[in-house]
Amino acid sequence: MAFISIFDVLGPNMVGPSSSHTAGACSIALLARKMLGEPAREVGFILYGSFAKTYKGHGTDRALLAGVMGCSTDDVRIPRAYEMAREQNLKWNFSVNEIETEVHPNTVDIHLLGVTGKKVSLRGESIGGGKIRIARINGIEVDFSGEYNTLIVVHKDRVGMAAHITSCLSQGNVNIAFMRLFREAKGDTAYSIVEFDGELPEDTRQKILEKEDVENVMVIDVKEGS
């Protein structure tokens with residue numbers, strides 16, 4: 001018999017009318033902001049399915065915009081997201097895609113440009129009850145929930161890379177919950193995604209970066225607002 005949490009029944013602590021259209025949207029955008037690792041200068045949202053049809057009426061637009069500025073789902077500032085964006089000189093754009101239909105009905109693509117020129121793009125799905133799934137990072141298909149602290153290592157697909165990552169984590173006494181590899185093609189760019197318990201020691205990220213062919217390391221702390 002499957003275990004059902006009381007939080008699955010009640011839904012998330014949130015500001016907004018819909019756990020899927022506001023809380024889930026905000027969580028996707030906040031996760032994108034954490035991956036970027038710095039304030040955003042420009043953001044573009046492409047909405048699909050139900051998101052595309054109801055994003056203004058259900059507050060999805062405000063939730064997404066607030067999320068990329070570091071707001072969590074229960075942040076009372078979400079209703080004034082447009083005003084906040086203007087105050088922060090954040091440029092934004094919403095567009096809808098009604099051509100691509102073979103996607104989850106609550107799907108958004110987010111393209112972020114940071115204040116120092118860093119770029120991140122992802123595709124997120126709000127799958128119900130405030131829960132989300134990240135389906136793409138920078139065009140590469142991935143699959144993780146954002147429910148755990150997460151390490152995303154961008155690297156070339158090389159022999160020994162997984163061993164290097166797990167060795168660094170072991171030295172930092174980090175307990176791995178899940179680890180998966182996603183790649184464009186053999187030998188090409190790959191994403192090793194590690195969901196882990198506890199905190200990541202400050203020097204572990206740097207140790208992972210020291211290996212040749214590691215391009216970037218992103219750390220997502222689920223407890224941090226931004």
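What follows is a chat between a biologist and a modeller about a predicted model of a protein chain.

Biologist: Let's start broad: how many helices and strands does the protein chain have?
Modeller: Keep in mind that this is a predicted model. Buried residues make up 46% of the 226 residues in the chain. As for secondary structure, the chain comes to seven helices and ten strands.

Biologist: And what share of the contacts with a separation of 6 or more comes from residues 24 or more positions apart?
Modeller: Contact here is heavy atoms within 4.5 Å. Among the contacts in the chain with a separation of 6 or more, the share from residues 24 or more positions apart is 67%.

Biologist: On to helix 4, then. How many of its residues are buried?
Modeller: The buried ones are Thr60, Asp61, Ala63, Leu64, Leu65, Ala66, Gly67 and Val68. Helix 4 is largely enclosed by the rest of the structure, because the buried count is eight of the nine residues.

Biologist: Which residues is Gly67 in contact with, leaving aside its neighbours within four places in sequence?
Modeller: Gly67 sits in helix 4, residues 60–68, and is buried, with a relative accessible area of 0%. Its C-alpha is 4.2 Å from that of Leu30, although the two are 37 residues apart in sequence. With those close neighbours left aside, the contacts of Gly67 are Cys26, Ala29, Leu30 and Arg33.

Biologist: What about Ala66: how far is its C-alpha atom from that of Ile78?
Modeller: Ala66 is in helix 4 too, and buried with a relative accessible area of 0%. Leaving aside neighbours within four places in sequence, Ala66 is in contact with Cys71, Ile78 and Ala81. Ala66 and Ile78 are twelve residues apart along the chain, and their C-alpha atoms are separated by 5.5 Å.

Biologist: Which residue just after helix 4 takes a positive phi?
Modeller: Most residues other than glycine have a negative phi. The one you're after is a glycine, with a phi of about 100°, just after helix 4: Gly70.

Biologist: Now helix 6. Why do its buried residues line one face of the helix?
Modeller: The buried residues of helix 6, residues 161–171, are Met161, His164, Ile165, Cys168 and Leu169. Looking down the helix axis, these residues line one face because they fall within an arc of 130°.

Biologist: Which residues are exposed on the other side of helix 6?
Modeller: The buried residues pack against strand 7 (149–156), strand 8 (175–183), strand 9 (189–197), helix 7 (202–209) and strand 10 (214–220). Over on the other side of helix 6, the exposed residues are Ala163, Ser170 and Gln171.

Biologist: Are helix 6 and helix 7 roughly parallel or antiparallel to each other?
Modeller: Their axes come within 9 Å and cross at roughly 155°. Angles over 145 degrees count as roughly antiparallel. Helix 6 and helix 7 are therefore roughly antiparallel.

Biologist: Is that crossing left-handed or right-handed, and which residues of helix 7 make the contact?
Modeller: The crossing of helix 6 and helix 7 is right-handed. From helix 6, the contact uses His164, Ile165, Cys168, Leu169 and Gln171, and from helix 7 the residues are Thr204, Lys207 and Ile208.

Biologist: How do the residues of that contact divide into nonpolar, polar and charged?
Modeller: Lysine counts as charged and cysteine as nonpolar here. For the contact of helix 6 with helix 7, the split is four nonpolar, three polar and one charged.

Biologist: What is the relative accessible area of Asn173?
Modeller: Asn173 is found in the loop between helix 6 and strand 8. Its phi is near 60°, a positive value in a residue other than glycine. Asn173 is exposed, with a relative accessible area of 72%.

Biologist: Where is Asn89 found?
Modeller: Asn89 also has a positive phi, near 55°. The residue is exposed, with a relative accessible area of 63%. Asn89 is found in the loop between helix 5 (81–87) and strand 2 (91–97).

Biologist: Last one: which residues is Val222 in contact with, leaving aside its neighbours within four places in sequence?
Modeller: Val222 lies in the segment after strand 10 and is partly exposed, with a relative accessible area of 34%. Its C-alpha atom is 6.4 Å from that of Tyr148, 74 residues apart along the chain. Without those close neighbours, the contacts of Val222 are Lys34, Gly146, Glu147, Tyr148 and Asn149.

Methods
Residues numbered from 1 in each chain as written. Predicted model: local features only at pLDDT ≥ 70, side-chain atom pairs only at ≥ 80, totals over all residues. Heavy atoms only, no water. Buried < 20%, exposed > 50% of the residue type's maximum accessible area, 1.4 Å probe, protein only. Helix = DSSP H or I, 4+ residues; strand = E, 2+ residues; numbered from the N terminus. Arc of directions from axis to C-beta. Axes fitted to C-alpha atoms, helices over the stretch in contact; angles between N-to-C directions. Parallel < 35°, antiparallel > 145°, perpendicular 65-115°, else oblique. Left-handed = near helix turned anticlockwise from the far one by under 90°.
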